[in-house]
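Got your viewer open and a hand on the mouse? Let's take a walk, one selection at a time.

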Amino acid sequence: MKSNKLAALLASLAMASSAIGGIGVSPALATPAGDSASPVAEATIAPTEPSTVAPIEVPATPSTVAPIEVPATTGAEVVPSTPNSLTNTPTTEPQKDATGLDQVAGPATTSPDAPQRPTDGGAVMGQAGQLAPKSATKLAQPLSASSEPTVGDQPAGTEGKPLGLDVSGWQKNVNWTAVKNSGARFAYIKTSEGPWTLNDYFTQQYNGAANVGLLRGGYHFARPNLSSGSSQAKVMLESGGGWSGDGKTLPPALDIEDNPYVSTDKTNKCYGMAPAALVNWVKDFTSTIKASTGRDPVIYSSYYFWQECFGSSNAFANSNPLWIAAYYASSPWMPGQWPKYTIWQYANDYANPAQTIPATFPGDQNVFNGTMDDLRELASGTKKPVIGLVPGATVISGKWGGDGKTYVGWFKDSQWCLEMPANTRRCFYFGAPGDKPVVGDWDGDGTATIGIVRSGVWQLTNNLSRLSVDLVQYFGVGTDTPITGDWNGDRKTTIGIFRNGSWQVTNSQARSPKVDVSAYFGVGTDTPVVGDWNGDRWDTFGVWRNGTFWLTDSQLQPPVNYVFRYGIGTDRPTTGDWNGDGKTTVGIVRDGTWQLTNDLQKLSVDSVRF
């Protein structure tokens with residue numbers, strides 16, 4: 001089945017012609033995560049045949065093959081820190097939300113000067129956002145998927161991030177179905193204010209949001225001059241504003257902003273309290289919430305209020321997610337040395353500063369700074385599977401989880417670290433420094449394992465626990481790039497090499513296998529990629545070049561069936577069946593983060609791994 005020189009040349013010309021004519025070309029050349037690199041002209045980068053292709057040199061027997069060195073014990077595992085972590089893992093058993101939402105009485109009052117419970121919905125969020133800075137230097141934002149709905153009134157640069165709202169008794173009964181259909185993905189509901197339960201519509205709002213599939217949580221409006229932080233935290237918990245690990249409840253939030261009752265309590269915007277006193281009050285509140293729920297509550301505030309009334313304290317920057325209020329601003333300023341915001345309240349119920357155009361959602365408008373996966377993580381309290389790509393590591397992927405989906409990982413200097421199902425990872429040693437890693441289902445049992453290639457010698461294992469060398473093959477030379485795939489649809493992975501644009505693969509697991517397929521696709525500087533792009537169970541070829549993927553569905557005289565831009569030239573490509581649908585798609589790795597798509601036409605960032 002080898003192709004001759006003339007056939008290869010014709011294939012190359014057909015390939016370039018297909019690219020120029022637009023055959024199989026995606027109409028949009030997408031760039032993940034907002035990169036604006038210009039597409040490279042397709043006609044100038046079509047894979048071409050090299051002038052010469054050296055034959056594969058297969059030694060009859062190796063002169064020496066150094067044994068794989070597998071330590072008896074791996075020693076202490078180095079666990080890289082989780083980047084951009086938004087939450088802490090609960091250290092205590094979460095408690096259920098309290099019942100009796102409208103039965104919590106306010107404190108007994110005997111003095112005529114004692115504060116009175118508001119008879120309406122009480123204070124509302126808003127002053128904090130209106131007084132926020134209106135412009136700032138643009139902050140670098142975390143990566144986000146581009147699959148979430150976008151509305152006209154959200155700030156530029158937040159497109160594709162999950163949208164939400166916050167409501168109180170002033171919004172009364174909310175039409176949650178309409179809210180979700182308009183694009184909302186989460187909601188915060190007011191539970192209480194100062195020493196009182198204060199939202200007669202809490203049950204309809206809190207349960208209604210959950211019933212249509214929104215993530216939801218409760219927030220408390222702080223009145224720190226009326227009672228202690230601990231006592232107000234208990235009121236919030238008794239009012240239904242706790243947390244449980246049900247996957248749909250966001251951590252409790254504390255709303256602390258300019259005092260809206262200055263005219264009646266005769267204090268000032270800082271509640272008549274010094275910065276140190278306010279810091280201690282918030283510590284009292286947040287520590288009580290965490291002791292009860294196991295979660296660090298979100299803190300809602302604004303730049304100027306925090307800088308003035310809290311003395312720009314950084315006491316909460318590393319523990320509590322920030323919910324920043326900044327209306328109609330280009331980007332919010334970060335108070336208190338918070339490195340980033342988790343939620344941005346960008347408008348009230350009007351979409352413009354003149355308050356003449358209604359906004360998309362009732363109440364206040366919010367956007368979450370991350371992906372839906374990040375938002376679900378914030379709700380669940382569980383951390384992402386930490387892969388922790390180390391500098392200089394080789395990116396790998398494979399179906400080693402046993403569930404039909406492809407997971408990601410890395411290899412460096414004999415150490416492997418693999419993402420596994422259920423938010424776990426597996427790290428171990430196999431091979432030696434200088435080896436090249438490979439992944440495949442060598443025995444056809446439905447679960448991929450690993451192997452190493454050393455100077456043209458392949459040493460493969462069928463068991464990630466035992467890590468024995470179960471298969472040894474001799475194929476290629478040390479300068480080749482090893483590739484693996486199911487080339488004949490028999491559900492077993494076999495091996496191959498990529499050399500100067502030449503693909504040479506075998507369907508055999510013999511010790512010194514013959515070449516079953518030889519084809520030309522790409523040039524020597526390309527990065528080869530392999531996958532079953534059309535779901536027919538046969539793996540075929542592809543190359544990555546400067547942010548563009550070129551893929552074919554054929555092994556013989558392969559044409560270009562797909563060409564599209566995904567990423568930029570400094571990224572690294574990866575491929576896999578990320579959702580288990582039987583088709584291989586692609587992804588890129590940038591700065592230790594995997595951005596993966598499930599659709600070669602839409603090319604949206606459907607999942608992000610760290």
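A polar contact is a pair of N or O atoms within 3.5 Å; within protein, one must be able to donate a hydrogen and the other to accept it, and residues adjacent in sequence count only if both atoms are side-chain atoms. Before you use that, two notes. What you see is a predicted model, where local features need pLDDT of at least 70 and side-chain atom pairs count only at pLDDT 80 or more, while totals for chains, interfaces and linings use all residues. Residues are numbered from 1 along each chain as its sequence is written, and side-chain values use heavy atoms, with hydrogens and water left out.

**Stop 1: a threonine**

Select threonine 197, which is found in strand β3 (residues 196–197). Strands (E, at least two residues) and helices (H or I, at least four) are DSSP runs, numbered from the N terminus. Which side chain does the side chain of threonine 197 make a polar contact with? Show serine 239: its side chain is the partner, at 2.6 Å. Threonine 197 has a relative accessible area of 6%, so it counts as buried (buried means under 20% relative accessible area, exposed over 50%, partly exposed in between, with a 1.4 Å probe and protein chains only).

**Stop 2: two helices**

Now pick helix α5 (residues 229–238). Seven of its 10 residues are buried, so the rest of the structure largely encloses α5. Those buried residues pack against β2, β3, β4, β5 (253–255) and α7 (275–293), where contact means heavy atoms within 4.5 Å. After α5 comes glycine 240, with a positive phi near 100 degrees.

Next, colour helix α4 (residues 202–211); its buried residues include Phe202 and Tyr206. Among the elements covering the buried residues of α4 are β1 (163–167) and α3 (176–181). Just after α4, look for glycine 213, which takes a positive phi of about 100 degrees.

**Stop 3: the rings**

The structure holds 21 aromatic pairs. Rings of Phe, Tyr and Trp (its six-membered ring) pair if their centres lie within 6.5 Å; planes under 30 degrees apart count as stacked, over 60 as edge-to-face and the rest as tilted. Show phenylalanine 305 and phenylalanine 310: their ring centres are 5.9 Å apart and their planes sit at 70 degrees, so this pair is edge-to-face. Both phenylalanine 305 and phenylalanine 310 are buried.

Add tryptophan 306 and tryptophan 338, another edge-to-face pair, with 5.2 Å between centres and 65 degrees between planes. This pair links distant parts of the chain, 32 residues apart: tryptophan 306 is in helix α8 (residues 303–309), and tryptophan 338 is in the loop between β7 (322–325) and β8 (343–347). Tryptophan 306 is buried at 0% relative accessibility, and tryptophan 338 is buried too, at 5%. Add Phe316, and you have one aromatic cluster of Phe305, Trp306, Phe310, Phe316 and Trp338.

**Stop 4: a sheet**

Select β10, β11, β12 and β13, an open sheet of four strands in that order, with antiparallel pairing. Two strands pair if DSSP finds at least two bridges between them. Why is one side of β10 (394–398) and of β13 (424–429) left without a neighbour in the sheet? Both stand at the edges with a single partner strand each, so the other side has no neighbour there. Zoom in on β10 and strand β11 (residues 407–412), which pair over five bridges in the antiparallel sense. To finish, click threonine 394 and find phenylalanine 411 in β11 opposite.
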